[in-house]
Structure formats: structure tokens, C-alpha cells
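The exercises below are to be worked with the sequence and the structure in view. Each task is followed by a solution in steps.

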Amino acid sequence: NPLPKAGNEIRERQSVLYDIDQQSAWRKSTDNTDVWGLYDDLLGEPGSHTAHNLLHTHFANRQVVAGS
């Protein structure tokens with residue numbers, strides 16, 4: 001299960017994710033040449049209709065069912 005339940009597990013996971021981010025060569029997508037290649041080859045300009053349709057996610061609140 002990727003979602004930790006205990007407070008200490010949440011803090012440990014958060015620490016690991018921050019460490020990975022700090023060590024990353026590309027901390028922002030705008031610094032990543034692979035991302036720019038994707039825009040050049042497929043998506044067009046950042047913020048384009050195609051980029052928006054393919055990259056944006058929509059979230060909805062869902063009620064958690066006990067025991068699942």
C-alpha cells in the first residue's frame with residue numbers, strides 16, 4: 001500500500017521524497033530537456049490545448065469505504 005497510515009511512516013516517506021527531489025538533476029520540469037523535447041515533438045507550446053488535454057488531471061472527492 002503506497003499510503004502510509006502511521007504518523008512516523010508519513011514523516012519517513014516525506015523525508016525520502018524530499019531527499020530524492022534535492023538530489024535530482026532536474027528539480028523543475030522547465031529544466032528538463034526531455035520535457036522540452038516532448039513539447040517540441042508532440043505537445044506544441046506549453047499551455048496548448050493538446051498539452052492541457054494530455055497532461056492535466058481532474059480530482060474528485062471519494063468516500064472511503066471501511067475495510068477496503
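**Exercise 1.** How many residues apart are W36 and Y39 in helix 2, and to about what part of a helical turn does this correspond?

*Solution.* The structure is a predicted model.

Step 1. W36 and Y39 both lie in helix 2 and are three residues apart, which places about one helical turn between them.

Step 2. An α-helix has 3.6 residues a turn, so residues three or four places apart point the same way.

Step 3. The search for aromatic pairs yields a count of one. In this pair, the ring centres of W36 and Y39 are 6.1 Å apart and the ring planes stand at 45 degrees, so the pair is classed as tilted.

Step 4. The accessibility of each partner completes the description. W36 has a relative accessible area of 38% and is partly exposed, whereas Y39 has 14% and is buried. The class of Y39 follows because buried means under 20% relative accessible area.

**Exercise 2.** Describe the overall make-up of the protein chain and the confidence of its prediction.

*Solution.*

Step 1. Three helices and zero strands are found in the protein chain, and the order from the N terminus is α-α-α.

Step 2. Of the 68 residues in the protein chain, 7% are buried. The accessible surface comes to about 6,500 Å², of which carbon and sulfur atoms supply 53%.

Step 3. The mean pLDDT of the protein chain is 84, and 88% of the residues score at least 70. Among the elements, the lowest mean pLDDT, 87, belongs to helix 1 (residues 7-23), and the highest, 92, belongs to helix 2.

**Exercise 3.** Examine the two ends of helix 2 and the loop that comes after this helix.

*Solution.*

Step 1. Helix 2 covers residues 33-43, and N32 caps its N-terminal end. A side-chain oxygen of N32 lies 2.8 Å from the backbone nitrogen of D34.

Step 2. At the other end, helix 2 is followed by G44, which has a positive phi near 80 degrees.

Step 3. S48 sits in the loop between helix 2 and helix 3 (49-55). A polar atom of the S48 side chain is 2.8 Å from the backbone oxygen of L43. S48 has a relative accessibility of 17% and therefore counts as buried.

**Exercise 4.** Which residues form a nonpolar patch on the surface, and about how much accessible area do they have together?

*Solution.*

Step 1. The patch consists of L38, L42, L54 and L55, with about 380 Å² of accessible area together.

Step 2. Helix 2 and helix 3 are the elements that give two or more residues to this nonpolar patch.

Step 3. L42 serves as an example: this residue is found in helix 2, and its relative accessible area of 53% makes L42 exposed. The cut-off for this class is over 50%.

**Exercise 5.** How many salt bridges does a search of the whole structure find, and which side chains meet there?

*Solution.*

Step 1. Side chains of opposite charge can pair when their charged atoms come close.

Step 2. The search of the whole structure finds one salt bridge. The side chains of R27 and D21 meet in it, at 2.9 Å from N to O.

Step 3. The accessibility of the two partners is then compared with the classes. R27 is partly exposed at 45%, and D21, at 29% relative accessibility, is likewise partly exposed.

Note on methods
Residues are numbered from 1 along each chain as its sequence is written. Side-chain values use heavy atoms; hydrogens and water are left out. A salt bridge is a side-chain nitrogen of Lys or Arg within 4 Å of a carboxyl oxygen of Asp or Glu. Buried means under 20% relative accessible area, exposed over 50%, partly exposed in between (1.4 Å probe, protein chains only). A polar contact is a pair of N or O atoms within 3.5 Å; within protein, one must be able to donate a hydrogen and the other to accept it, and residues adjacent in sequence count only if both atoms are side-chain atoms. Helices (H or I, at least four residues) and strands (E, at least two) are DSSP runs, numbered from the N terminus. Patches are made of residues with over 30% relative accessible area and no salt bridge: like charges are joined within 9 Å, nonpolar side chains (Val, Leu, Ile, Met, Phe, Trp, Tyr) within 5 Å. Accessible areas come from the Shrake-Rupley method with a 1.4 Å probe; for residues, only the protein chains shown count as cover. pLDDT is the predictor's confidence in each residue, from 0 to 100. Rings of Phe, Tyr and Trp (its six-membered ring) pair if their centres lie within 6.5 Å; planes under 30 degrees apart count as stacked, over 60 as edge-to-face and the rest as tilted.
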